[in-house]
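User: Please take a close look at the nonpolar interior of this model, and then follow it outward to the pockets and the charged pairs.

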Amino acid sequence: MVAPPRHSLFDTQRDIRKTGIHPDFWYPIARSYQLKPGKTLAVSFAGEPIVLVRTRSGMLFALENRCAHRQVPLDTGVVGDNCLQCGYHGWKYDSDGKCMTVPYLPDQRDRPNGVRHYPCRDACGLIFIFPGNPAQADTAQFPDLSNHHSPNYKTRYLDRKIECHYSFLHENLMDMNHQFLHRRLMGGIKSIYLGQRQGDSWIEVDYTFKRVKGGQNWGEKFILQKTSQERQRQSQGKQDLMTIRTAYPYQRLKFWTAGSAEPAMDLWIVYVPLDRQQRTNHTFGLMMIRRPNPKWLMELLWPFIVRFTEGILAEDREIVELEQQAFDRQGADWNQEIFPVIRNVREILVSQGLPLSAP
């Protein structure tokens with residue numbers, strides 16, 4: 001197989017699909033409900049095994065998921081008041097990963113080193129860890145998820161494993177020119193590019209849309225929920241506005257209907273690599289949908305919204321996994337990208353990420 005001519009910004013740079021995500025950020029690693037008091041939960045970040053622990057008193061901590069003694073997983077151990085005890089020989093670790101006790105060691109002053117500790121916190125129904133330099137955890141900016149707490153919004157959690165490199169998903173969300181993919185669910189939608197803004201580690205793009213064929217899906221209609229004032233503003237020439245922002249490593253999509261002050265939808269999303277080569281990611285997101293008036297009406301509309309968004313997400317998932325399969329067959333990125341927004345977001349992902357080591 002012969003590669004096509006390259007028209008990429010990355011001819012002399014690292015392949016974007018061989019770029020690892022930078023660890024010096026807060027990443028969700030599990031849903032809060034998955035970790036019960038007195039229990040452990042085995043997770044991973046870019047091939048590193050991690051154990052989450054919640055004590056019966058509610059203390060939350062995260063450690064490297066392998067005992068320093070025989071390397072067996074610590075998630076099979078026993079949770080104590082503020083510690084985790086390995087299920088093999090009973091070595092006990094505190095919440096900072098220090099070895100507290102070796103039961104059969106005569107002089108506990110000679111106990112060995114412990115295991116790595118990961119800063120973690122429970123927020124908005126997600127458990128976050130800081131997998132990078134722990135000294136930077138306190139100063140690293142935590143995601144702004146304020147609409148999750150607003151009574152004006154109802155949140156749908158996105159929580160799924162996707163078999164592709166995280167960069168495919170960044171590109172998929174930023175590029176609204178792919179609306180043709182969703183023609184079965186949304187009919188004919190033409191995306192209209194309005195402009196972009198960019199910094200060293202972020203880029204955002206504005207779109208509006210025009211329906212050229214078919215009718216509006218009920219789920220889409222219930223998400224947008226245009227008020228009479230918004231419909232009037234639209235009749236006066238006001239446009240719907242979608243702004244999508246990649247602020248490394250997170251993405252945010254907001255959709256305003258016809259000059260409204262509050263977005264009808266506010267989506268925060270991040271793609272957490274699971275394996276060392278980062279060919280599989282766990283996508284976590286909060287899709288915050290503005291409640292209509294009266295607010296209780298949202299509970300009746302919610303099943304339609306879930307069904308519609310699930311269909312859209314399923315189509316996106318299938319297409320990015322096909323992109324990953326094409327990359328795996330070729331062994332390199334052959335994409336001939338022409339859309340400036342995607343060329344720019346690729347630059348950011350490469351410049352902010354780290355080179356992946358050879359398998």
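Analyst: A nonpolar core is here a set of buried Ala, Val, Leu, Ile, Met, Phe, Trp, Tyr and Cys residues joined through side-chain atoms within 4.5 Å, where buried means under 20% relative accessible area, exposed over 50%, and partly exposed in between, with a 1.4 Å probe and protein chains only. The model is a predicted one, in which local features need pLDDT of at least 70 and side-chain atom pairs count only at pLDDT 80 or more, whereas totals for chains, interfaces and linings use all residues. Residues are numbered from 1 along each chain as its sequence is written, and side-chain values use heavy atoms, with hydrogens and water left out.

The largest nonpolar core holds 80 residues, and the members that touch the most others are Ile29, Phe45, Leu52, Ile244 and Trp268. Helix 5 (residues 297-330) supplies the largest share of this core, nine residues; helices (H or I, at least four residues) and strands (E, at least two) are DSSP runs, numbered from the N terminus. Apart from this core lies another, of 14 residues, which includes Val51, Cys67, Val79 and Leu84. In soluble globular proteins, nonpolar side chains tend to be buried together.

Phe45 can be followed further: with its neighbours within four places in sequence left aside, Phe45 is in contact (heavy atoms within 4.5 Å) with Ile21, Pro23, Tyr27, Ile29, Ile50, Ile129, Pro131, Val272, Pro273 and Leu274. Helix 1 (residues 166-174) is mostly covered, nine of its nine residues being buried, and among these are His170, Glu171 and Asn172 as well as Phe168 and Leu169.

Pockets are found on a 1 Å grid over the protein atoms alone: a pocket is an open set of points where a 1.4 Å probe fits, with protein on both sides within 12 Å along at least five of seven lines, and lining residues have an atom within 4 Å of a point. Grid points are joined across faces, edges and corners, and a volume is the space filled by probe spheres set on the points. The largest pocket has a volume of about 940 Å³. Of its 41 lining residues, Met176, Gln179, Met186, Met242 and Met265 are the closest to its centre. Helix 5 again appears, giving the largest share of this lining, six residues. The lining divides into 22 nonpolar, ten polar and nine charged residues, with Ala, Val, Leu, Ile, Met, Phe, Trp, Tyr, Cys and Pro counted as nonpolar, Asp, Glu, Lys and Arg as charged, and the others, Gly among them, as polar.

The second largest pocket contains about 520 Å³ of space. Its lining has 22 residues, of which Gln141, Arg245, Ala247, Tyr250 and Arg252 are the closest to the centre. Strand 17 (250-256) and strand 16 (241-247) each supply at least two lining residues, and strand 17 gives the most, with six.

The structure holds 21 salt bridges, each a side-chain nitrogen of Lys or Arg within 4 Å of a carboxyl oxygen of Asp or Glu. One of them joins Arg54 and Asp122, at 3.1 Å from N to O, and this pair links distant parts of the chain, strand 4 (residues 48-54) and strand 11 (residues 120-123), 68 residues apart. Arg54 is buried at 11% relative accessible area, whereas Asp122 is partly exposed at 37%. Glu204 and Arg197 form another, their closest N and O atoms being 2.7 Å apart; Glu204 is buried at 16%, and Arg197 is partly exposed at 32%. Finally, Glu171, a buried residue of helix 1, is linked with Arg17, Asp333 and Arg346 in a network of salt bridges.
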